Amino acid sequence: MGRKLGPKGREGLDGTTKAKKSGKSLADAHHFKLGYAHIRKNDPQLKLILDAHGMLEFKPEGKPFESLVESILSQQLAGSAAAAIIKKVRAQFPDGELDAETLHKIDPLRLRAAGVSPQKLTYLKDLSMRVVEGRLDLGLLETMPDDEI
């Protein structure tokens with residue numbers, strides 16, 4: 001007896017139907033609001049929770065450059081390991097503030113000694129170079145749609 005395929009005709013290895021990737025992201029405010037409205041309408045238990053707490057608002061925290069650096073450093077690491085590396089990297093900067101100019105000039109061996117992998121070092125140096133040279137304007141990221149970023 002064969003398995004029935006889901007509405008999109010795709011089935012995962014575990015026998016569950018996989019949704020076709022739509023390209024829509026919940027990071028997009030419009031799609032997030034649509035999903036929020038759908039859940040409120042179709043799940044009475046979650047509706048009570050959503051009504052009690054209101055809609056979540058996603059707001060970027062911190063400076064864009066620092067956020068990107070920390071994101072790169074945190075990739076594929078446990079939270080405690082990432083926090084330790086970020087702390088060591090920040091110790092290499094005046095007042096612990098990460099900035100593109102200093103990162104661009106810093107000796108790579110100092111970052112390696114702080115626990116930054118060679119690949120992440122390449123990413124950090126590329127990011128800082130683009131910002132320093134003016135090829136990447138982080139101020140524009142806040143106003144650009146996700147698909148343009």
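Follow the chain from start to end and you meet the pattern α-α-α-α-α-α-α-α. In other words, the chain has eight helices and zero strands. Keep in mind as you look around that this is a predicted model.

Let's start with the chain as a whole. It has 149 residues, and buried residues make up 20% of them. Now take the contacts in the chain with a separation of 6 or more: residues 24 or more positions apart account for 42% of those.

**Two helices that meet**

Find α1 (29–42) and α2 (44–53) in the structure. How do α1 and α2 pack? Their axes are 6 Å apart, and the angle is about 125°. Angles of 65 to 115 degrees count as roughly perpendicular and angles over 145 as roughly antiparallel, so α1 and α2 are oblique to each other.

Which residues meet here? On the α1 side they are Y36, I39, R40 and N42, and on the α2 side they are P44, L46, K47, L50 and D51. Sorted by class, this contact of α1 with α2 has five nonpolar residues, three charged ones and one polar one.

**A pocket with help from α1 and α2**

Now look for the second largest pocket, with a volume of about 150 Å³. What lines this pocket? The lining is made of F32, G35, Y36, I39, I49, L50, H53, G54 and L56. Both α1 and α2 supply at least two residues of the lining, and α1 gives the most, with four residues. How does the lining divide by class? There are six nonpolar and three polar residues, and no charged ones.

Some names turn up twice. Y36, I39 and L50 belong to the pocket lining, and they also take part in the contact of α1 with α2.

**Four residues to click on**

Here is how accessible four residues are, with the place of each one.

| Residue | Place | Relative accessibility | Class |
|---|---|---|---|
| E66 | helix α3 (residues 64–74) | 12% | buried |
| H104 | helix α5 (residues 100–105) | 31% | partly exposed |
| Q76 | loop between α3 and α4 (79–90) | 84% | exposed |
| D95 | loop between α4 and α5 | 77% | exposed |

Why does E66 count as buried? Buried means under 20% relative accessible area, and E66 has 12% relative accessibility, so it counts as buried. Which residues does E66 touch, apart from its neighbours within four places in sequence? E66 is in contact with R90, G96, E97 and L98.

H104 is partly exposed because its relative accessibility is 31%, while exposed would take over 50%. Setting aside neighbours within four places in sequence, H104 has contacts with K125, S128, M129 and V132. You can also check a distance here: H104 and D126 are 22 residues apart along the chain, and their C-alpha atoms are separated by 8.3 Å.

The other two residues sit in loops. Q76 is in the loop between α3 and α4, and D95 is in the loop between α4 and α5. What is phi for Q76? The value is positive, about 60°, although Q76 is not a glycine. D95 also has a positive phi, near 60°, and D95 is a residue other than glycine too. As for accessibility, Q76 is exposed because its relative accessible area is 84%, and D95 is exposed with 77%.

Methods: Residues are numbered from 1 along each chain as its sequence is written. This is a predicted model: local features need pLDDT of at least 70, side-chain atom pairs count only at pLDDT 80 or more; totals for chains, interfaces and linings use all residues. Side-chain values use heavy atoms; hydrogens and water are left out. On a 1 Å grid over the protein atoms alone, a cavity is a set of points where a 1.4 Å probe fits but cannot get out, and a pocket is an open set with protein on both sides within 12 Å along at least five of seven lines; lining residues have an atom within 4 Å of a point. Grid points are joined across faces, edges and corners, and a volume is the space filled by probe spheres set on the points. Ala, Val, Leu, Ile, Met, Phe, Trp, Tyr, Cys and Pro count as nonpolar, Asp, Glu, Lys and Arg as charged, and the others, Gly among them, as polar. Axes are lines fitted to C-alpha atoms, for helices over the stretch in contact, and angles run from 0 to 180 degrees between N-to-C directions. Angles under 35 degrees count as roughly parallel, over 145 as roughly antiparallel, 65 to 115 as roughly perpendicular and the rest as oblique. Contact means heavy atoms within 4.5 Å. Buried means under 20% relative accessible area, exposed over 50%, partly exposed in between (1.4 Å probe, protein chains only).
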